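Reader: Please show me how to read disulfides, burial and helix packing from a set of coordinates.

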Amino acid sequence: MAGRIPKQFIDELLTRSDIIDVIDARVPLRKAGKDYKACCPFHEEKTPSFTVSADKQFYHCFGCGAHGSAIGFLMDYEHMSFVEAVEELAARAGLTVPKEAGAAFEKEKDTGADLIELMREAARFYRSQLREHPQASRPVEYLKGRGITGEIARDFDLGFAPDGWDNLLRALGKDDASREALARAGLVVKKDSGGYYDRFRDRVMFPIEDHRGRIVAFGGRIIDKGEPKYLNSPETPLFHKGRELYGLFHARDAIKRESRVLVVEGYMDVVALAQFGVDFAVATLGTATTRDHLERLFRHAPEIVFCFDGDRAGREAAWRALDNALPVLREGRQISFLFLPEGEDPDTLVRKEGRDAFLARLKKALPLPDYLFDTLSRQVDLGRLDGRARLVELARPLLSKMPAGVLRQMMLDRLAELSLMDPDKLPVSAANPDQSAPQRGFRPSGSGPREPPSVVRLAIAMLLQRPELARNVHNADALADLDMPGIPLLLELLRVVQGTSGLNTASIIENFSDSEHKQNLAKLAFWQHPALEQDLETEFSGVMSRLEQASTRQKTERLLQKKQAGGLNQTEMDELARLLSLKRDNSRVSPTRH
């Protein structure tokens with residue numbers, strides 16, 4: 001969506017907006033040195049760790065990791081869409097969204113608003129059918145049989161899609177335009193031969209709300225026997241199942257109160273738990289827990305507890321959740337796994353045991369590190385040398401997904417204990433090595449001399465925190481062939497900063513909004529390092545010089561290896577002579593820094 005507004009306009013908007021005013025109007029800030037602080041609005045805390053920088057026009061919470069520009073804050077705090085956040089800031093700054101982009105956005109907004117209203121009408125229709133339809137006794141008896149009260153059914157807006165091919169279609173599809181809209185919303189299916197039919201038939205209906213409380217989809221549970229047991233809306237302009245979670249909007253206040261969120265597998269689990277006072281549960285929508293799900297949940301609470309059946313399918317689902325969680329698991333975030341007795345699910349168990357007994361089970365949930373090592377250890381014989389080696393091989397691809405930091409290092413230490421290995425000899429590579437200094441066990445692949453990745457990290461952090469340093473870089477192309485983690489990101493960052501004058505930290509990072517690097521850049525924008533407290537121009541010049549020297553050494557090594565292997569052509573011989581001469585000149589000026 002962001003791509004439809006010219007990048008230049010977003011850059012100008014963030015340059016002319018003051019994030020301090022935007023946030024302070026909603027979350028009172030107090031001056032703390034050159035920055036501003038407050039208790040984080042995205043998680044519960046007593047000591048302020050939410051920092052807003054006037055220089056960088058960026059916010060970052062050192063507790064939960066929330067971060068962003070003024071646009072991002074409005075999206076997260078006010079639950080605005082990107083479009084709405086841009087328009088809000090543009091109005092404050094006295095700017096007008098470019099006409100071409102604005103027209104496209106208005107059309108999309110109008111379409112989105114129409115579909116949202118259509119979903120509301122559909123929800124009203126399904127609710128009315130649960131009360132009034134001649135067949136309503138069947139879903140009512142089904143819900144009563146599952147122990148659902150009228151009050152909880154009302155709270156969750158449960159409804160009924162009657163049996164038949166065109167009940168909703170006749171109620172809401174009065175003309176071609178409305179029938180087409182119903183199809184776009186996923187409520188009816190368009191036949192290849194022409195015409196439409198209701199997607200949901202003879203099902204109890206569960207409205208699915210987005211993080212703003214708008215109905216964007218439905219889930220339908222078959223009443224009698226039939227397949228599929230649960231049917232969700234398809235992907236639509238409003239609904240992406242990899243991003244939405246059933247019950248999140250309903251549970252948001254309880255999640256904040258509890259400082260944790262319980263993730264279960266079904267709609268009925270969420271509804272039944274809420275009825276028994278366990279009101280901080282959400283459910284995924286027929287898909288494995290995604291990274292988007294996890295990031296959204298961690299915005300609400302620092303702890304996630306996954307609750308799965310204890311059977312094989314539940315264990316497999318738990319392992320998939322663990323695998324997807326590792327890239328987002330860092331300090332301040334906790335994930336645990338609760339396995340229920342085989343044959344039970346949260347719905348049946350909370351009815352059988354009651355609220356207090358169910359909450360007591362949550363206290364025994366297995367922390368992710370314990371679950372990971374327990375599961376892997378059961379697959380090997382730790383009494384054998386080759387069994388311990390196998391454990392390292394099983395753990396390596398998993399731990400390599402984790403962000404570098406204290407938690408990852410502690411898990412490496414635990415692996416060293418189990419495998420009886422020296423931690424420094426563990427062949428486990430860091431995930432996203434451009435984001436941090438080398439950790440114990442980091443072994444870059446490839447041949448040839450390399451500088452530590454921390455040099456690149458310093459260069460990126462310096463550019464983010466002082467973008468004007470880019471004007472002193474005149475030979476970035478010299479680094480293009482440098483084989484070092486993080487170099488492609490550094491070069492892209494230089495391209496962005498040198499391509500547009502006057503960018504601040506927020507507008508730079510907004511250029512990477514669709515990139516996998518955005519999270520790492522946000523961290524580096526507030527990274528503290530002794531080199532960043534010194535004369536940055538001098539330090540940056542030194543860092544870039546070290547990278548250029550590393551590039552020269554790598555090129556020289558490659559040419560020397562090729563010369564030994566089979567010889568060089570005249571152009572390569574001339575280049576090698578130049579590089580060796582340059583190396584001699586550099587060594588006369590100053591020794592290589594390490």
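Author: The turns below take the cysteines and then a pair of helices. This is a predicted model, in which local features need pLDDT of at least 70, side-chain atom pairs count only at pLDDT 80 or more, and totals for chains, interfaces and linings use all residues. Residues are numbered from 1 along each chain as its sequence is written, and side-chain values use heavy atoms, with hydrogens and water left out.

Reader: How many disulfides does the rule give?

Author: A disulfide is a covalent bond between the sulfur atoms of two cysteines. The rule asks for a pair of cysteine sulfur atoms within 2.5 Å, and the count here is zero. For Cys40, the nearest cysteine sulfur is that of Cys61, 3.6 Å away. Cys61 also holds the closest cysteine sulfur to that of Cys64, at 3.8 Å, which is too far for a bond.

Reader: Is Cys40 buried or exposed?

Author: Buried means under 20% relative accessible area, exposed over 50%, and partly exposed in between, with a 1.4 Å probe and protein chains only. Cys40 has 6% relative accessibility, so Cys40 counts as buried. Cys64, at 5%, is buried too.

Reader: At what angle do helix 10 and helix 12 pack?

Author: Helices are DSSP runs (H or I, at least four residues), numbered from the N terminus. Axes are lines fitted to C-alpha atoms over the stretch in contact, and angles run from 0 to 180 degrees between N-to-C directions. Helix 10 (residues 248-258) and helix 12 (residues 291-300) pack at about 45 degrees, their axes 9 Å apart.

Reader: Which residues make the contact?

Author: Contact means heavy atoms within 4.5 Å. Helix 10 contributes Leu248, Arg252, Ile255 and Lys256, and helix 12 contributes Arg296, Leu297 and His300.

Methods:
Helix = DSSP H or I, 4+ residues; strand = E, 2+ residues; numbered from the N terminus.
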